[in-house]
Amino acid sequence: MRHLPTGFRFSQWDGSQRLPLDPDEVMAALAEDLIEYGDLRWAMRNLMSKGMQIPQGGHMQGLRDMLKQLRERKRQQLERYDLSSIFDDYRERLDEILEMERSRIDEWLQPAPDPQQGPEPPAANDADPHGSEQPDSAMGESFSSDVLKSIAAKNREQLDDLPADVAGQIKTLEKYEFLNPEAQRKFLELLNELRRAMTNSFFNNVENMVNEMSDGDIARMKDMIKALNDMLVKKIAGEDPGFEDFMQEFGDMFGDNPPQSLDDLLEQMQQQMAAAQSLLNSLSPEQQAQLSSLLADRFGDPELNAELAKLAKEMDFLNPGGNDYRFRGDDRIDLESALQLMNEMQDIDELMGQLQDAERGGDADSIDKDLLQELLGDDAVNDLDQIQELLKALEEAGYIRPTDDNRWELTPRGSRMIGQKALGEIYARLKRQSLGNHAVPEEGRFGERLEQTKPYEFGDPFHLHMPRTLRNAINREGPHTPVRLKPEDFEIYRSELITSTATAMLVDLSWSMALRGSFQAAKKVALALHNLITSQYPKDNFYIIGFAAYAKELKPHDLPYLTWDEHVLGTNMQHALLLAEKLLAKHQGGSKQIIMISDGEPTSHLENGQAQFAYPPTPETIRATLKAVKHCTARGIAINTFMLDSSYYLKAFMDEIAKINGGRVFYTSPEQLGEYILVDYVQNKKKRLARRA
């Protein structure tokens, strides 16, 4: 038997739980950009860039948010560190070592008297009465003291002759024999740090190569560099470089995470060399020379130096380059940490480049998730995963589909979703403005139900109002008798007759609509009205005509992609009216109307099929447009015009259209255009059929 769960465990929402993306929310998030620009790919790129609010709470950060975090992290590092402190650190450490060594030299030059030795023996000319000479032991101690003093004096002379610069002092001290063991230990530590830093300019995780290197270790490192050079020569020549043999012999020198291929090794080397070059680029010319001198010839082996120089030359084909960072902080940093900092700065730049490429191309697959996690954490990786799921979620929901040319397009369902959102926004504004709630009415046999009631008459839709019906029976029979219903008790909701309407919406696509910020509002209204008619008035017919220099019919599925015409000039109302007349002539019954949205007077008309443009409008254009108005009027087509401008000349022209046609003219703003058109459409659909008897 199948065992069903008997209970569930609930816990408080802490923001870490991730729910699947809601395709409806994703469509709503990209709808505004799609309506604005008419480009699904651009809208998707913008959504990936800016992110979106999560309905359950919180925000899915977009690529732009990640870029902002990286820029902020880069700025903080630049304002934190002072790269010149690299040399201050070595100077102070070297001064401490020299001070320790000079103290020991002073001790050797001026040895403290031994308290157990007793008084000094008399001088040579102070012979005792017996004329005896000094013992041999005293002469030996005097000779030993003289030798030590001689060594100390020689060492002091060497220290006094040290060069002034840190690099020169270190190079000289490599051949110096320290008298103070602790000073020698500290100097060897400093020397090993420089060796690691020099080696880190080529390799990553190379501590095993340089820690307390003996002559045998230097010889093995020399063999490794030579073998690596031989591999590069073979790779350049197109031969098998023999990477497996190389790693079998030298793999232990590359730390806990050795490279898995020659390409992996070369990529690591490229990063390290770029980091070293970035450090040099970020220093002043004097500091660059000083650092180069510090790192030069650190192993004291001419053959090894020659192999390293050969490696650097062969690596030129990788073009490690390097960036230039201008640090301006006060925090001190040592050389090893500075090289690690350069690696981090380069990683930030690399990830920023990947994010910017993803923003431009709309493809986040090329973003390095490991690097993203390292720099921005797990939340950023989770958000990136959701960004990559956007298209999949929309496709699975049936809102978009791939095309033959590897692009994406809206499905009819997606177009309806966009129109529904536009309609919902307009209704929401109407509700806020207290202009009425346009809920979907209940459909009846002869019309739509109203809230008012009337006595039932034969033929009326039986939309029974039960409370009124029962009250009528009680009033007739009395309150203390059983309720018995009779036909005259029935009271029903009044109904409206919904007549069939054929509508042509003419949308101005001229460049001035976009220039004045009106185009998006007009497009949103077209989407909303189409959604309203198809969902609530399915018997109505709706056409959309766009017009600029010429007019053309637009299909509903093209509405989300509709853009203004920026390449041609003209507002050809004449052509739009003629095309609307032709489309509406297909419908014999019901009412016919034209809804025209524009922001200016006509500036173009047709002559012999060609658009003639002139601004200001010529008398020929005005006459041709008014003639088209008369044609529509003769066919019983009402023209209701919604103007987004109210200049004196425009008002005079619109008044003339209204005088000829009998239609209405509304002067409104882009923000109120949708409310005006939808309220007007719905109100003029309704004619009272039932009257109170």
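## R102 and its partner in helix 5

R102 is partly exposed, its relative accessible area being 28%. Keep in mind that this is a predicted model. The side chain of R102 makes a salt bridge with D160, and the closest N and O atoms sit 3.1 Å apart. That contact links distant parts of the chain: R102 belongs to helix 4 (residues 85-109), while D160 lies in helix 5 (residues 136-160), and the two are 58 residues apart.

## R635 and E581

Another salt bridge brings together the side chains of R635 and E581, with 2.7 Å from N to O. Distant parts of the chain are linked here too: R635 is in the loop between helix 22 (619-634) and strand 13 (637-643), whereas E581 is in helix 21 (residues 573-584), and their positions lie 54 residues apart in the numbering.

The two partners don't share a surface class. R635 has 49% relative accessibility and counts as partly exposed. E581, on the other hand, is buried, with a relative accessible area of 10%. E581 gets that label because buried means under 20% relative accessible area.

## A network around R75 and E79

Some salt bridges have partners in common, and in this way E72, R75, E79 and R328 are joined into one network. Inside that group, the side chains of E79 and R75 meet in a salt bridge at 2.6 Å, N to O.

How accessible is E79? It is partly exposed, with a relative accessible area of 40%. Its partner R75 also counts as partly exposed, in this case at 32% relative accessibility.

So much for the individual pairs; now the tally. Counting over the structure gives 25 salt bridges, among them the R102 contact with D160, the R635 contact with E581 and the E79 contact with R75.

## Aromatic pairs

On to the rings. A pair of aromatic rings is described by how far apart the centres are and by the angle of the planes. The structure holds five aromatic pairs. One of them is formed by Y176 and F178, which are 4.9 Å apart centre to centre, with 90° between the planes. This pair is edge-to-face, because planes over 60 degrees apart count as such.

Are Y176 and F178 buried or exposed? Both are buried. The grouping goes beyond this pair, too: Y176, F178 and F187 make up one aromatic cluster.

Methods. Residues are numbered from 1 along each chain as its sequence is written. This is a predicted model: local features need pLDDT of at least 70, side-chain atom pairs count only at pLDDT 80 or more; totals for chains, interfaces and linings use all residues. Side-chain values use heavy atoms; hydrogens and water are left out. A salt bridge is a side-chain nitrogen of Lys or Arg within 4 Å of a carboxyl oxygen of Asp or Glu. Buried means under 20% relative accessible area, exposed over 50%, partly exposed in between (1.4 Å probe, protein chains only). Helices (H or I, at least four residues) and strands (E, at least two) are DSSP runs, numbered from the N terminus. Rings of Phe, Tyr and Trp (its six-membered ring) pair if their centres lie within 6.5 Å; planes under 30 degrees apart count as stacked, over 60 as edge-to-face and the rest as tilted.
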